[in-house]
Amino acid sequence: MADSSNPGNFANRPKEEVKEIASKGGQASGTPGGSSGSSDPTPVTNEGRNPDGTFAKGSAAAKEAGAKGGSN
């Protein structure tokens, strides 16, 4: 059986302490909405995209993404 004195186990902590820790979730990111804050300054647009977010066939956006590939 597990040691009940393990402070890393939230079940062994007082409920008030667990609630306080949980309320801080996402605040450490420092950006509203939990966004990762990408360093890419290019604004997000829907030009060249279908309503579901996929690329429209032959669009300049699709060509640009293909040329960029997986490089970040």
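Colleague: What makes the backbone oxygen of Ala56 and the side chain of Ser59 a polar contact?

Modeller: The model here is a predicted one, and in it the backbone oxygen of Ala56 sits 3.1 Å from a polar atom of the Ser59 side chain. A polar contact needs N or O atoms within 3.5 Å, so this pair counts.

Colleague: Where is Ser59, then?

Modeller: Ser59 is in the loop that runs between α1 (15-23) and α2 (60-68).

Colleague: Why is Ser59 called buried?

Modeller: Buried means under 20% relative accessible area. Ser59 has 10%, so buried is the right word.

Colleague: OK, on to charges. How many salt bridges does the structure hold?

Modeller: There are 2 of them.

Colleague: How do you know that Glu17 and Arg13 meet in a salt bridge?

Modeller: Their side chains come to 3.5 Å, N to O. The cut-off is 4 Å, so the pair qualifies.

Colleague: And what makes Lys24 and Glu20 a salt bridge?

Modeller: Here the N to O distance is 3.7 Å. That is within 4 Å too, so the name fits.

Colleague: Why is Glu17 called partly exposed?

Modeller: Partly exposed is what lies between the 20% and 50% limits. Glu17 has a relative accessible area of 33%, so that's where it falls. Its partner Arg13 has 25%, so Arg13 is partly exposed as well.

Colleague: What about Lys24, why isn't that one called exposed?

Modeller: Exposed means over 50%, and Lys24 has 47%, so Lys24 counts as partly exposed. Glu20 is also at 47%, so Glu20 gets the label partly exposed too.

Conventions: Residues are numbered from 1 along each chain as its sequence is written. This is a predicted model: local features need pLDDT of at least 70, side-chain atom pairs count only at pLDDT 80 or more; totals for chains, interfaces and linings use all residues. Side-chain values use heavy atoms; hydrogens and water are left out. Helices (H or I, at least four residues) and strands (E, at least two) are DSSP runs, numbered from the N terminus. Buried means under 20% relative accessible area, exposed over 50%, partly exposed in between (1.4 Å probe, protein chains only). A polar contact is a pair of N or O atoms within 3.5 Å; within protein, one must be able to donate a hydrogen and the other to accept it, and residues adjacent in sequence count only if both atoms are side-chain atoms.
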